[in-house]
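Hi,

Here is the model I said I would pass on. Have a look at it first, and then my notes follow below.

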Amino acid sequence: RADAVGAPPVAERGRYIVTTTVAVVGKGGVGKTTFSALTIKYLRHVGRTPILAIDGDPSANLNLALGMELHETIGQIREETKQQISNGTFQTGISKPDWFEYRVNGCIVEGDGVDLLAMGRPEGPTCYCAANNMLRTCIDRLGNDYAAVVIDNEAGMEHISRQTTRDVDVLFVLTDPTQRGLAAAEHIVALARDLGTRIGRAYLVINNVDGDLPAPLAARANAVGIPLLGVLPRDPMVSRLDVEGRPLVDLDDTSRVYPAVKALLERALE
């Protein structure tokens, strides 16, 4: 596989001939978690399971969108272990990498066809880099046991290289229907190239669109540097489920957005 956006994905990982790794990126507030949750719902529906969902946002709310309980994050494990090593209280009969793998496996939330791993808060200014490297190795190896890995990221692209060195087979860059959002999407695409993240296919998705996409935005989308896969309609049912405290995976074909997401994923993932 080439090291550039647009290179064809080829992989043979773990016990699966192909583990499909999907990453969702975009500036804050564009609906990344909603899109990630509905991507997981679609993959589960078409039988591409088991799925590992990685919540890369420090606010850690993908579990709410999936209707899963979250008890511990990778950030909590990292900070706890860093503190123990700093004050000399870290004592265990196994190696540090094996200890990290044990703790990471322990904070996985198991669900119906999908397991969830939340990254939590990022490293601080005095980060324990050795721990971060061991965590990346552990997460990369863990992903080999799944048919698909879906990563819901915070804004930007830098954290993908911090959290995992996995190749990204399909990258979805989400934006809202604004010039500022499209400018942020273009920046993310450029950053992905600068970081050398290996990406198979990358697509632009414009979310929360009322009616047709205005011509100036359509023209601006063509300058982002990746194909516009499509637009997703604004759906009042998303806000309604949030108000009612119901998971977003409860959205079905009676909603406006889930059929639209399915149509995009059928083209991008098949």
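**What I found**

Let me start with a loop: Pro-50 lies between helix 1 and strand 2 (51–55), where helices (H or I, at least four residues) and strands (E, at least two) are DSSP runs numbered from the N terminus. The peptide bond leading into Pro-50 from Thr-49 is cis, with omega near 0 degrees. A little earlier, just after helix 1, Gly-47 has a positive phi of about 85 degrees.

Some housekeeping before the rest. This is a predicted model, so to speak of local features I need pLDDT of at least 70, and side-chain atom pairs count only at pLDDT 80 or more, while totals for chains, interfaces and linings use all residues. Residues are numbered from 1 along each chain as its sequence is written, and side-chain values use heavy atoms, with hydrogens and water left out.

**Overall**

The protein has 10 helices and eight strands. Of its 270 residues, 53% are buried, meaning under 20% relative accessible area (exposed is over 50%, partly exposed in between; 1.4 Å probe, protein chains only). Among contacts (heavy atoms within 4.5 Å) with a separation of 6 or more, 78% are between residues 24 or more positions apart.

**Aromatics**

How many aromatic pairs does a search of the whole structure find? Two, counting rings of Phe, Tyr and Trp (its six-membered ring) whose centres lie within 6.5 Å, with planes under 30 degrees apart called stacked, over 60 edge-to-face and the rest tilted. Phe-35 and Phe-172 are edge-to-face, because their ring planes stand at 65 degrees, with the centres 5.0 Å apart. This pair links distant parts of the chain: Phe-35 belongs to helix 1 (residues 32–45) and Phe-172 to strand 6 (residues 168–175), 137 residues apart. Both partners are buried, Phe-35 at 2% relative accessible area and Phe-172 at 0%. Together with Tyr-203 they make one aromatic cluster.

**Helix 1**

Helix 1 has 14 residues and spans 20 Å from first C-alpha to last, close to the 20 Å expected at 1.5 Å a residue (that is, 1.5 Å times one less than the number of residues). Since 12 of those 14 residues are buried, the helix is largely enclosed by the rest of the structure. The buried ones include Lys-32, Phe-35, Lys-41 and Tyr-42. Lys-41 also has its charged end over the ring of Tyr-258, 5.2 Å from the centre; the test is NZ of Lys or CZ of Arg within 6 Å of the ring centre and within 35 degrees of the ring normal.

**Strand 6 and its partners**

Why is strand 6 described as largely enclosed by the rest of the structure? Because eight of its eight residues are buried. Strand 6 pairs with strand 1 (residues 20–25) in the parallel sense over four bridges, a pair needing at least two DSSP bridges. Here Val-24 stands opposite Phe-172, the residue from the aromatic pair with Phe-35. Strand 6 also runs parallel to strand 7 (residues 199–209), joined by seven bridges, and there Val-170 faces Arg-201.

One backbone oddity for you to check sits in strand 7, which holds Asn-208. Its phi is near 60 degrees, a positive value in a residue other than glycine. Most residues other than glycine have a negative phi, and most peptide bonds are trans. Asn-208 counts as partly exposed because its relative accessibility is 24%.

Cheers
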